[in-house]
Every structure is written in C-alpha cells, then in structure tokens.
Amino acid sequence: MMKISIATDHNGVNEKKEIMALLSEYEFIDKSTNNTPIDDYPDFAYIVAKSVINKEVDFGVLLCGTGIGMSIAANKVKGIRCAHCSNLEQAHLAREHNDANIIALSYKQDIKELAEMIREFVKTPHSEDERHHRRVNKIINIEDGSYNEL
C-alpha cells in the first residue's frame, strides 16, 4: 500500500481528515496531529519533506490556505520537488514532467477535487521521455550548486 505523509496548518484540519477518509486506499501518516491556532506552516512543510527524503513515505501532501507557502517552505529542503497544484492537469504534469514528490494544495478547494488531484498525483509515473529527465537533472544540479549551463 502506498504511504503518504500529510500535514496542514491549523486552518485545514477538518479538510485533512476528510481527504484521508476519501482516499482510504492509501496509508496516510499524519504529520500534523497537534495543530494549534498559532502554528506555523513551515514547520509542517519541513516535517513532511523530511519524511519523503528519509523514504518513510512515497509522497507528501501539504495543505494550507493557498498551498503556496507550504510549497515554498517544502522546496527549501534538498531533494524535494513540491508542486503547488490547483487542478487535475497540474497534478498530473507535476509528476509526469517534473517528478514532483510532494503536492501542495489549498484546503479551500472542493474536497472531492482535492482528493482527485492527490489520486492523480500519486498514480502518475514520471515520464520516460529523456527531455523530462534532463530538465529534472538540471533542477537537481541547481539545488546542489553544480549547475553551469549558461
């Protein structure tokens, strides 16, 4: 069974629970079980990102008001390619073209749409097309400081 690390800030607690119930075909590891009214989304982004990097899970899901802050914070962790997505096509292409390993979403979207985006994200393999591998490798090189293409 696929394992997915999931977390939200204090605003998306109910939506996180609904998503886990709707996607019962996956095993969720809840990384935000103790939300408080003053919690900070970067803390949860980091915890989920580390669980992906440490191979505790296959993928990560992050929820906040827009998904943007979570995405920015998660992408600061070496080895993470977190995609902020707002529709099914973006969720698909984030995996197929960019080999994203975390999806960041706005908990304000329709809960069934969120569940479908997560399902699409985790079921989509990274493309075998050489150009996508080349581009992802350039992203990795930028991250580790070895990029020198231009």
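**An aromatic pair, the nonpolar cores and a buried aspartate**

In this predicted model, the count of aromatic pairs comes to one. The pair is formed by the rings of phenylalanine 59 and phenylalanine 121, whose centres are 5.6 Å apart and whose planes stand at 70 degrees, so the arrangement is edge-to-face, the class for planes over 60 degrees apart. Because phenylalanine 59 belongs to strand E3 (residues 59-64) and phenylalanine 121 to helix H5 (residues 111-123), the pair ties together parts that are 62 residues apart in sequence. Both partners are buried, phenylalanine 59 with a relative accessible area of 9% and phenylalanine 121 with one of 0%.

Phenylalanine 121 also appears in the largest nonpolar core, which has 24 residues and in which Ile19, Ile103, Leu105 and Phe121 touch the most other members. At least two residues of this core come from each of E1, E3, helix H4 (88-96), strand E5 (102-106) and H5, and H5 makes the greatest contribution, with seven residues. When neighbours within four places in sequence are left aside, the contacts of leucine 105 include Val61, Leu62, Leu63, Leu114, Met117 and Ile118. A second, separate core comprises 17 residues, among them Leu62, Cys64, Ala74 and Ile80.

A charged residue, aspartate 9, is found in the loop between strand E1 (3-8) and helix H1 (13-22). Aspartate 9 is buried yet has no salt bridge, and the nearest side chain of opposite charge, that of lysine 108, is 9.2 Å away, whereas a salt bridge would require the charged atoms to lie within 4 Å. Residues up to four places away in sequence not being counted, aspartate 9 touches Asn35, Asp39, Tyr41, Phe44, Leu63, Cys64, Gly65 and Met70.

Key:
Residues are numbered from 1 along each chain as its sequence is written. This is a predicted model: local features need pLDDT of at least 70, side-chain atom pairs count only at pLDDT 80 or more; totals for chains, interfaces and linings use all residues. Side-chain values use heavy atoms; hydrogens and water are left out. Rings of Phe, Tyr and Trp (its six-membered ring) pair if their centres lie within 6.5 Å; planes under 30 degrees apart count as stacked, over 60 as edge-to-face and the rest as tilted. Helices (H or I, at least four residues) and strands (E, at least two) are DSSP runs, numbered from the N terminus. Buried means under 20% relative accessible area, exposed over 50%, partly exposed in between (1.4 Å probe, protein chains only). Lys and Arg count as positive and Asp and Glu as negative; His and the chain ends are not counted. Contact means heavy atoms within 4.5 Å. A nonpolar core is a set of buried Ala, Val, Leu, Ile, Met, Phe, Trp, Tyr and Cys residues joined through side-chain atoms within 4.5 Å.
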